Amino acid sequence: MKHTHPHPRATLGGKLSAVLVAAGSSVGLGNIWRFPYVAGDNGGGAFLVIYILCVLLLGLPLMLAEFTVGRASHRNAVGAFRALDPKWGLLGYIGVLSAFLILGFYLVVSGWTAEYMVHSLTGDLAHYSTAAEYEQIFTNFITNPWRPLLYTVIFALATHFIIALGVQKGIERSAKVLMPLLFVVLILLSIHSLLMPGSGEGLRFFFQPDFSKVTPSTLLVAMGQAFFSLSIGIGTMITYASYFKPETNLRHTALNVTILDTLVAVLAGVVIFPAVFSVGIEPSSGPSLVFITLPSIFNGMPLSMVWSTIFFLLLVVAALTSTISLHEVITVYLHEEWHMSRRAAAWATTLSTIVLGAAASLSMGVWSGWSICGMNLFDSLDFVTANIMLPVGALLTCLFVGWRLDREVLHAQMTNNGTLPFRIYRVFILLLRYFCPAVLLLVFLDNLGVF
Ligand code: TRP
């Protein structure tokens with residue numbers, strides 16, 4: 001079964017493609033929108049330290065595990081587990097379902113970023129001055145029944161058309177243009193932020209750890225954020241690795257992606273925290289953080305429109321390469337397992353995520369009366385995916401690769417059939433077999449209140 005493949009598969013082209021495409025998936029709203037508000041809500045500097053530990057000790061081995069499953073099987077997330085062990089197909093389904101749920105709220109936030117970009121460009125965002133006014137506009141916007149919906153749909157269609165172009169022409173080419181653009185913009189904005197008078201307080205909050213603010217839930221949140229930011233736990237990296245070439249060095253790719261992703265999160269903190277403190281907003285103000293602080297800070301400056309357009313362009317670009325990767329997980333699953341044409345599979349994905357996205361968007365305004373465990377649909381999608389589905393998916397993936405997968409397959413993938421050295425292979429195996437599952441399980445059970 002392992003060797004027959006009913007669908008001809010694309011592979012990525014150039015040497016850098018694997019890194020760029022995987023980094024395109026990882027670097028996203030998770031780094032620039034979610035990371036700063038989660039860090040702000042969990043004590044700043046102390047969170048940063050725990051976060052980096054999670055990335056290195058849990059994220060990196062897991063990314064390698066997903067790369068292995070993807071490239072060893074050359075299939076979609078469900079088909080990949082099934083091809084390696086028929087009993088493990090279910091894990092792939094959890095992944096596809098999670099991708100769908102994440103897209104549901106991710107498209108909504110992506111829509112906000114697109115709307116803010118347009119309004120920065122037209123100058124509409126420059127008419128206000130205080131943070132309170134910006135807060136009001138943000139609330140008015142997200143609770144409006146139509147405007148966010150319109151932008152959610154536009155964003156879903158933009159994702160759709162890139163996916164429809166295929167793996168090489170769509171996914172690979174867009175990553176090659178958009179990722180460098182993102183870095184240039186981010187570095188520009190960081191320099192700008194460092195030169196701002198009074199940036200010290202924000203930087204201190206972000207870089208000076210205060211461990212008295214750490215609770216057991218900080219660990220879960222940091223872990224969830226690390227998985228979310230690296231795109232781990234639901235088969236995105238399995239799907240992308242299924243397009244990697246046999247010569248691609250999986251370890252270098254994973255290390256580079258992890259470094260780039262963490263760098264973007266740290267730079268996003270450098271851009272955002274000085275702004276947060278200088279306009280006097282609570283760093284713990286949640287999902288609205290970047291939408292309120294950044295426009296209010298830009299507004300006091302010369303060329304405010306330009307800066308704010310650039311910032312929201314950055315968010316749009318980051319979001320787009322990530323929505324593409326989430327969309328691809330579902331599209332290629334439908335294509336290969338349900339035998340739909342790629343086109344039909346892409347449309348089915350787009351239309352169903354638009355429906356979920358619309359519901360999530362409306363749940364913040366007209367439908368806010370409906371709640372699931374005290375949260376509206378938007379918040380519960382975010383909570384359930386980042387804090388439950390990603391850690392569970394990650395736990396099962398490391399159990400599978402650490403304990404169930406044929407050791408030879410793992411070794412062959414890590415070393416490209418013995419042609420590359422892998423000096424810390426043993427450490428990697430230890431992390432994957434014992435450390436990662438133990439930590440994941442402990443943090444998870446602790447947060448369910450078992451201890
Ligand atoms: N990593 C992306 C971000 O930081 C979002 C994302 C894309 C994702 N694919 C994923 C998150 C898979 C979890 C799992 O914005």
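This tour of a predicted model moves from the ligand to a pair of crossing helices and then to one arginine.

**The ligand**

Begin by selecting the ligand together with its surroundings. There are 17 residues around it, and those that come nearest are Ser-26, Gly-30, Tyr-106, Phe-228 and Ser-231. Three of these can be displayed with their polar atoms. At Ser-26, a polar backbone atom lies 2.9 Å from an oxygen atom of the ligand. At Tyr-106, an N or O atom in the side chain is 2.4 Å from a ligand oxygen atom. At Ser-231, the partner is a nitrogen atom of the ligand, which is 2.9 Å from an N or O atom in the side chain. On its own the ligand has 360 Å² of accessible area, and the protein covers 100% of that area.

**Helices α5 and α7**

Next, select residues 89-122, helix α5, and residues 147-164, helix α7. Their axes come within 8 Å and cross at roughly 105 degrees; α5 is therefore roughly perpendicular to α7. To inspect the contact, show side chains on both helices. The α5 side comprises Leu-107, Val-108, Ser-110, Gly-111, Trp-112, Thr-113, Ala-114, Glu-115, Val-118 and His-119. The α7 side comprises Arg-147, Pro-148, Tyr-151, Thr-152, Phe-155, Ala-156 and Thr-159. Coloured by residue class, the contact divides into 9 nonpolar, 6 polar and 2 charged residues.

**Arg-433**

Finally, select Arg-433, which is located in helix α18, residues 425-447. Which residues does Arg-433 contact, leaving aside its neighbours within four places in sequence? They are Gly-402, Trp-403 and Arg-407. For Gly-402, display the backbone: its oxygen lies 2.9 Å from a polar atom of the Arg-433 side chain. Then add Cys-398, whose C-alpha is 7.0 Å in space from that of Arg-433, although the two residues are 35 residues apart in sequence.

Methods: Residues are numbered from 1 along each chain as its sequence is written. This is a predicted model: local features need pLDDT of at least 70, side-chain atom pairs count only at pLDDT 80 or more; totals for chains, interfaces and linings use all residues. Side-chain values use heavy atoms; hydrogens and water are left out. Axes are lines fitted to C-alpha atoms, for helices over the stretch in contact, and angles run from 0 to 180 degrees between N-to-C directions. Helices (H or I, at least four residues) and strands (E, at least two) are DSSP runs, numbered from the N terminus. Angles under 35 degrees count as roughly parallel, over 145 as roughly antiparallel, 65 to 115 as roughly perpendicular and the rest as oblique. Contact means heavy atoms within 4.5 Å. Ala, Val, Leu, Ile, Met, Phe, Trp, Tyr, Cys and Pro count as nonpolar, Asp, Glu, Lys and Arg as charged, and the others, Gly among them, as polar. A polar contact is a pair of N or O atoms within 3.5 Å; within protein, one must be able to donate a hydrogen and the other to accept it, and residues adjacent in sequence count only if both atoms are side-chain atoms. A residue is near a molecule or strand if one of its heavy atoms lies within 4 Å of it. Accessible areas come from the Shrake-Rupley method with a 1.4 Å probe; for residues, only the protein chains shown count as cover.
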